[in-house]
Amino acid sequence: MSEVIDGWGLGACAPVVLAPWQERLHQVRRRKRAQTAEVLPFEPADPPAEDESDAVIEHRDFLTALRTRLGSSAVQEDERLAAHTSLRVGGPADVLVVASDMDTLRQAVMLAWEHSVPCRVLGAGSNVLASDRGVPGLVVINRAKAIIFSEKGVRAESGASLSTLAQRCVTRGWAGLEWATGIPGTVGGAVVGNAGAWGGDVASALASTRILQPDGTVGLWKVEQMKYGYRQSALKGSAVERGPGTAPGATRRPVVLEASFKVQPGDRHALRARVVEIAAHRRATQPGGASCGSVFRNPPGDYAGRLIEAAGLKGQHRGNAIISPVHANFIVNLGGASASDVLSLIKLARQSVKEQFGVALELEIELLGRW
Ligand SMILES: Cc1cc2nc3c(=O)[nH]c(=O)nc-3n(C[C@H](O)[C@H](O)[C@H](O)COP(=O)(O)OP(=O)(O)OC[C@H]3O[C@@H](n4cnc5c(N)ncnc54)[C@H](O)[C@@H]3O)c2cc1C
């Protein structure tokens, strides 16, 4: 169990009594699950991540509370997620808050939890595919990005850019995060997904992380508690938990607030040379343009990109989305692509690789929203 270092108790949570809209929500959800199962041929490991609600959720009380707490200008309705994801696709979030500091992040999430509104924190949106039909509830775009150096090492707020953090370490002569330069996500997204490259990953660099837990307390989690595996963690996907008193369906996902990393003194010139080498390798092997990085996890002993290329799919496109001719595990938005275009290519790749090589590719990215 994590150590509680700071209390954010939710003593005032209501017991589970379903309002009429929540009853309707359950009926809609059951219907949608049945439809989704037909449309998306993914295993439970790759579910459409947020199917908690459909348009029946009424957010008025929540919106009023959010506006009162954060100010009206901080709260947007029906803001398209295409503006907040690296793939540049995605329909509207019912409600969206850009949190430029830790306090706003915590308050927005806690209010959503108190009102049983589905809530999703995004960093750079560089590892997700958001549905054209939008994402229910609240989406918080995390821009709390302080980076603090001390004699012991470095800690960063979860909205800090992972690549910026790595570059600042190199500039100061701290070794241990060079592999992270060029990864376009935030510290929070990296801690959740165990981001990694060039032989390094979060699992080997993280010391501890502060987490806003579903019961409203903040815990200090040691790296061992994260149960890291290849692009997996205790927080990713399966870590959907309900807090006390929440309506069924309105899940509470733990939120990464901050992370401390293990870094050691290193030779600045050697560190800089490594960063330059990594950047050159990235430019040579990965496409530019709007993408969400590697779409599929590499299967054991092989590479998803190699399999998709061997299936003859490089350059295949649906609408304005294309399987990159540079790296077949990347899908690039050439401009104006829809999430459905991207999903069609995902299904094509999955089906072709399964038929030709008997390998079931699993998604590395997460599908968000109403599918
Ligand atoms: C061009 C390109 C290259 C890439 N190269 C790599 C690479 O080399 N290695 C690699 O591992 N990845 C790579 N990626 C993928 C991506 O950048 C990483 O997975 C990154 O760590 C995702 O961070 P993010 O902030 O964008 O997360 P998001 O996409 O915003 O979110 C991903 C998941 O994390 C959750 N999340 C985000 N922040 C928090 C938080 N504070 N608390 C709780 N949950 C949170 C979200 O809800 C979501 O479930 C690449 C992507 C692109 C576009």
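Helices here are DSSP runs of H or I with at least four residues, strands are runs of E with at least two, and both are numbered from the N terminus. The model is predicted.

The ligand is a convenient place to start. It is surrounded by 30 residues, and the closest of them are G123, G185, G188, G189 and G293. Several elements supply at least two residues each to this shell: the strands β4 (119-122), β10 (196-197) and β14 (255-261), together with the helix α5 (187-193). The biggest contribution is that of α5, which gives five residues. Sorted by class, the shell around the ligand holds 15 polar, 13 nonpolar and two charged residues.

From the ligand, the description moves to the nonpolar interior. The largest nonpolar core has 96 residues, and the members that touch the most others are A108, V109, L129, V140 and V342. Helix α9, spanning residues 339-357, gives the most to this core, with seven residues. V140 can be followed in detail: once neighbours within four places in sequence are left aside, its contacts are V97, A99, L105, A108, V109, C119 and V121. Two of these contacts, A108 and V109, are also among the core members that touch the most others.

A last site lies in a loop. D215 is found between β12 (206-212) and β13 (218-222). Is D215 buried or partly exposed? D215 has 19 C-beta neighbours inside 10 Å, whereas a buried residue needs 20 or more, so D215 counts as partly exposed. The C-alpha atoms of D215 and P254 are 9.1 Å apart in space, while the two residues are 39 apart in sequence.

Technical notes: Residues are numbered from 1 along each chain as its sequence is written. This is a predicted model: local features need pLDDT of at least 70, side-chain atom pairs count only at pLDDT 80 or more; totals for chains, interfaces and linings use all residues. A residue is near a molecule or strand if its C-beta atom, placed from the backbone, lies within 6 Å of it. Ala, Val, Leu, Ile, Met, Phe, Trp, Tyr, Cys and Pro count as nonpolar, Asp, Glu, Lys and Arg as charged, and the others, Gly among them, as polar. A nonpolar core is a set of buried Ala, Val, Leu, Ile, Met, Phe, Trp, Tyr and Cys residues joined through C-beta atoms within 7 Å. A residue is buried if 20 or more other C-beta atoms lie within 10 Å of its own, exposed if 12 or fewer, and partly exposed in between; C-beta atoms are placed from the backbone. Two residues are in contact if their C-beta atoms, placed from the backbone, lie within 7 Å.
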